Amino acid sequence: MSQLFLRTLREDPVDAEVASHKLLVRAGYIRRAAPGIYTWLPLGLSVLRKVEEIIRQEMSAIGAQEVHFPALLPREPYEATNRWTEYGEGLFRLQDRKGADYLLAPTHEEMFTLLVKDLFSSYKDLPLSLYQIQNKYRDEARPRAGLLRGREFIMKDSYSFDIDEAGLDASYAAHRGAYLKIFARLGLEVLPVSATAGAMGGSKSEEFLFPTEIGEDTFVRSAGGYAANVEAVTTVVPAEIDFSAAPAARVLDTPDTPTIETLVDAANQLAPRTGDDGPWTAADTLKNVVLAVTLPTGERQIVVIGVPGDRAVDLKRVEANIGSYLPIAGEIGLEAANEADLKKQSLLVKGYIGPGQSLDAAVLGSEGAAKLLYLVDPRIVAGTSWITGANAAGQHVFGLVAGRDFSWDGTIECTDVRAGDPAPDGSGPLETARGIEMGHIFQLGRKYAEALELKVLDQNGKQVTVTMGSYGVGVTRAVAALAEANHDDKGLIWPRAVAPADIHVVAVGRGEEIFATAAQLAEDLSAAGLNVIYDDRPKVSPGVKFGDAELLGVPTILAVGRGLADGVVEIKDRRSGEAENIAVDKAVDYVVSAVRGQ
Ligand code: ATP
Ligand code: MG
């Protein structure tokens, strides 16, 4: 400790909100270089290397081979897949002295695809899985929480190459298994949840979430084992209803009812519902929300979304699921339409918007001048009857039947997911929780192979496009998650698998004998193959030394102090706080078996 490049801090860094960020900085594991960009100090680097090693071993166990790409890459491959544009403001772009465009890679699908194209050409070369552990760069809008969301971070990214779907399924399953082993070895309880593929394209996808209050991802789970990212939750679709006997829709004057609440009140006064269903509620109304999508080209497109009035539109769910309805793939901007947008749509009457093929003021879902994309929540099925806007100020239409009186361009998962909603697989009501995304696996399919023309010859000598998977683990994020999962108010408490040392020896007090014995023990422990931190600082008080030992978080602390007069040293478990006095000559064996035993 007298020579270690380390300064522990008493105060939390001012910009730190979460425990892992505060403690990793205070314990001298990392230092901030710029927002979202960190320097690794010796102890931090040691933890990081251990996490990497566990990942390497499990990747190697499924036959994946390690390569290493540059982080600084030319524009062209990313242009070919359109990601140079699609990535939007998240991409760090730069130019060389000749003015040629480069980027700092946010992820490497293009490069791996091209590398395999370069060298392999036959079905006999497949299946193949390659990976790297490497710096990634993303100009995150809100770099926060230290290592949890960096602008430079380390990712393990792997890519699988197969000739057909069955091969891709097998590669995906192998990665999934490896990920479960990696997180188990790290001692991180991680939950695989269904996810949407988002801007990556492709089909099947799962995220590995570490459940914690400070997580930025909301997910849901049921007691019966369903778990999904909120973006990926699917709605239980009600059965269609026979509408042959449904009464005709009628328009009523409903002045001053621009909100769902005022509308429900007015409906119950003007046209009270009789029968078992009781008075009208917000769930009987159809709310039409006007959104503005900014396409990757920068163009602004208006989209109208119809949802039951008791539900809110969740923009993140819309963003994740609207892709197939837009004219171009890529990262989009999404917000509520503003006054200027609405002014341009003269047929949309704010507060009274409704779908209406059969209505006079036909606006949505109908051919004509004001044809706008009209998408609805999957609960709006044929035969359901609604109270909704009549596209005229102060008027609503009652008994507007879906499939009879109006149609739509498609359905979209877009409403807020609530605790108590049914799980789509019938496994019970959903509860919501928060988590940190530790890893993400995707079946990419042929998107990248097609764009970059990665083909091989199949058994019949025919050129076929390769199908790919892409699999990421946040390595630096894992270090932060480990700190989040393993700390108390005094400091870090590393699991043995990743601890920066096996044992922290502290010499407390003055006498020469204390220091000589502590030094000898440190040497013997080291000779026994353990990694030792020895606090040999001569003029530092016992309180400071113990405080530092607890802050650094090595799992076992061995204190040589006053007890030495009686021939004992104290061995303390950092996690339980339990301490035992052990005879000096038994201390090495005791510690070695404690370390090996776990
Ligand atoms: P997020 O939703 O958290 O922004 P992402 O879905 O964009 O992550 P992927 O592209 O799936 O991330 O990257 C694979 C893994 O890399 C993630 O599961 C995560 O563990 C890690 N990761 C992504 N972005 C960051 C970041 N800014 N800082 C640290 N780790 C990150
Ligand atoms: Mg992801």
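Q: Which strands each supply at least two residues of the shell around ligand 1?
A: In this predicted model, those strands are β8 (152-162) and β21 (430-445). They are called strands because DSSP gives a run of E of at least two residues, whereas a helix is a run of H or I of at least four, both numbered from the N terminus. β21 gives the most to this shell, with 4 residues.

Q: How do you know how far to trust the chain, and what is its mean pLDDT?
A: pLDDT is the predictor's confidence in each residue, from 0 to 100. The chain has a mean of 92, and 96% of its residues reach 70 or more. Take care with residues 357-369, where the pLDDT is below 50. Beyond near neighbours in sequence, that stretch has 32 contacts in the model, a contact being heavy atoms within 4.5 Å.

A few ground rules help here. Residues are numbered from 1 along each chain as its sequence is written, with chains lettered from A and ligands numbered from 1 in written order. Local features need pLDDT of at least 70 and side-chain atom pairs 80 or more, while totals for chains, interfaces and linings use all residues; side-chain values use heavy atoms, without hydrogens or water.

Q: Which residues come nearest to ligand 1?
A: Of the 14 residues around ligand 1, the nearest are R138, E140, R149, G150 and E437. A residue is near when one of its heavy atoms lies within 4 Å.

Q: What makes the approach of R149 to an oxygen atom of ligand 1 a polar contact?
A: The rule asks for a pair of N or O atoms within 3.5 Å. A side-chain N or O atom of R149 is 2.8 Å from that oxygen, so the pair qualifies. A polar backbone atom of G150 lies 2.8 Å from a nitrogen atom of the ligand, and one of G474 lies 3.2 Å from an oxygen atom.

Q: Why is the pair of R151 and D139 called a salt bridge?
A: A salt bridge needs a side-chain nitrogen of Lys or Arg within 4 Å of a carboxyl oxygen of Asp or Glu. The closest N and O atoms of R151 and D139 are 2.9 Å apart, so the pair fits. Both residues lie in the loop between β7 (128-137) and β8, so the pair ties together parts that are 12 residues apart in sequence.

Technical notes
A polar contact is a pair of N or O atoms within 3.5 Å; within protein, one must be able to donate a hydrogen and the other to accept it, and residues adjacent in sequence count only if both atoms are side-chain atoms.
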